[in-house]
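Please report on this protein model. Cover its confidence, its charged surface and its backbone.

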Amino acid sequence: MGFRHNNVLPANHFRKDWQRRVKTWFNQPGRKLRRRNARKAKAAALGVRPLSLLRPAVRAPTVRYNIKLREGRGFTLAELKEAGIGRKAARGIGIVVDHRRRNLSEEGKALNVARLKEYKTRLVLFPRNAKKPKSGDHTGDDLTASTTRLALPLPAVAEPEPPRKITSKEREFQAYRALRVARSNARYEGIRKIRKAKKEEEEANKKK
């Protein structure tokens, strides 16, 4: 530690009782076990219901992240209408509704409508009263069929292409050169059109 200029001399206190102020994480394994037991208890309390609510597949905002699909807040009213599910009924069967969200593309809307329809085919509705089932409730063998409580997975963003050999055409293709030529053509297109028109005009004047 250096001492320079006309400053106050440092008075370092190295004899403080720092051991009392140390933050320790010895309770971390215990907390981990407690959280795990809480998750088990919650799953058992839910009975046969799905462990998580159904949410839509949406694109992350901005150009940097919009190639990524993630779970959104809730389904739009238009998506629910097209899938044939009422907005009040949706909340009762584990579907989240977001009345503020709007569909900005037909592709995104179709993706979520398909997601809702697939969820409907997998869904098993147990009647509140087994003797008097309501319309839409499942009965008989459907109630004893094997089901899963896991959430519906998000669809794949792109189909993976299997590995293959590079063709001779692909090997000979000069990507950088093609890009530069395309850039040059786009840049000088207007000037070339003007030159061509001027040349044609001069030739027409010569013929006269």
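## Report on the predicted model

Threonine 62 counts as exposed because its relative accessibility is 52%. Here buried means under 20% relative accessible area, exposed over 50%, and partly exposed in between, with a 1.4 Å probe and protein chains only. Threonine 62 sits in helix α2, residues 62-65. Helices (H or I, at least four residues) and strands (E, at least two) are DSSP runs numbered from the N terminus.

This is a predicted model, in which local features need pLDDT of at least 70, side-chain atom pairs count only at pLDDT 80 or more, and totals for chains, interfaces and linings use all residues. Residues are numbered from 1 along each chain as its sequence is written, and side-chain values use heavy atoms, with hydrogens and water left out.

**Confidence**

The protein has a mean pLDDT of 88, and 96% of its residues reach 70 or more. pLDDT is the predictor's confidence in each residue, from 0 to 100. Among the elements, helix α3 (residues 77-83) has the highest mean pLDDT, 96. The lowest, 90, belongs to helix α4 (residues 87-92).

**Backbone angles**

Most residues other than glycine have a negative phi, and most peptide bonds are trans. Threonine 62 is not a glycine, yet its phi is positive, near 75°. Histidine 5 also is not a glycine and has a positive phi of about 65°. Histidine 5 is placed in the segment before α1. Histidine 5 counts as exposed because its relative accessibility is 68%.

**Charge patches**

Two surface patches carry charge of opposite sign. The positive patch is formed by Lys23, Arg31, Lys32, Arg34, Arg35, Arg36, Arg39 and Lys40. Arginine 39 belongs to helix α1, residues 28-45. Its relative accessible area is 54%, so arginine 39 is exposed.

The negative patch gathers Glu200, Glu201, Glu202 and Glu203. Glutamate 201 is placed in helix α7, residues 175-207. With 52% relative accessibility, glutamate 201 counts as exposed.

Patches are made of residues with over 30% relative accessible area and no salt bridge; like charges are joined within 9 Å, and nonpolar side chains (Val, Leu, Ile, Met, Phe, Trp, Tyr) within 5 Å. Lys and Arg count as positive and Asp and Glu as negative, while His and the chain ends are not counted. The place of a charge is NZ of Lys, CZ of Arg, CG of Asp or CD of Glu. Accessible areas come from the Shrake-Rupley method with a 1.4 Å probe, and for residues only the protein chains shown count as cover.

**Salt bridges**

Side chains of opposite charge can pair when their charged atoms come close. A salt bridge is a side-chain nitrogen of Lys or Arg within 4 Å of a carboxyl oxygen of Asp or Glu. By this rule there are nine salt bridges. Among them are these:

| Acidic partner | Basic partner | Closest N to O |
|---|---|---|
| Aspartate 98 | Arginine 100 | 3.7 Å |
| Glutamate 161 | Arginine 164 | 3.2 Å |
| Glutamate 170 | Arginine 164 | 3.0 Å |

Is aspartate 98 buried or exposed? Aspartate 98 is buried, because its relative accessible area is 8%. Its partner, arginine 100, is exposed, with a relative accessible area of 54%.

Both arginine 164 and glutamate 161 are exposed. For arginine 164 the relative accessibility is 52%. Glutamate 170 counts as partly exposed, at 38% relative accessibility. Salt bridges that share partners join Glu161, Arg164 and Glu170 into one network.

**Distances across the chain**

Valine 96 is in the loop between α4 and α5. Valine 96 is buried, with a relative accessible area of 15%. Valine 96 and phenylalanine 75 are 21 residues apart in sequence, and their C-alpha atoms are 6.2 Å apart.

Alanine 156 lies in the loop between α5 (106-122) and α6 (168-172). Alanine 156 counts as exposed, at 57% relative accessibility. From alanine 156 to lysine 68 is 88 residues along the chain, and their C-alpha atoms are separated by 9.9 Å.

Phenylalanine 173 is found in the loop between α6 and α7. Phenylalanine 173 counts as exposed because its relative accessibility is 55%. How far apart in space are phenylalanine 173 and asparagine 27, C-alpha to C-alpha? The two are 61 Å apart in space and 146 residues apart in sequence.
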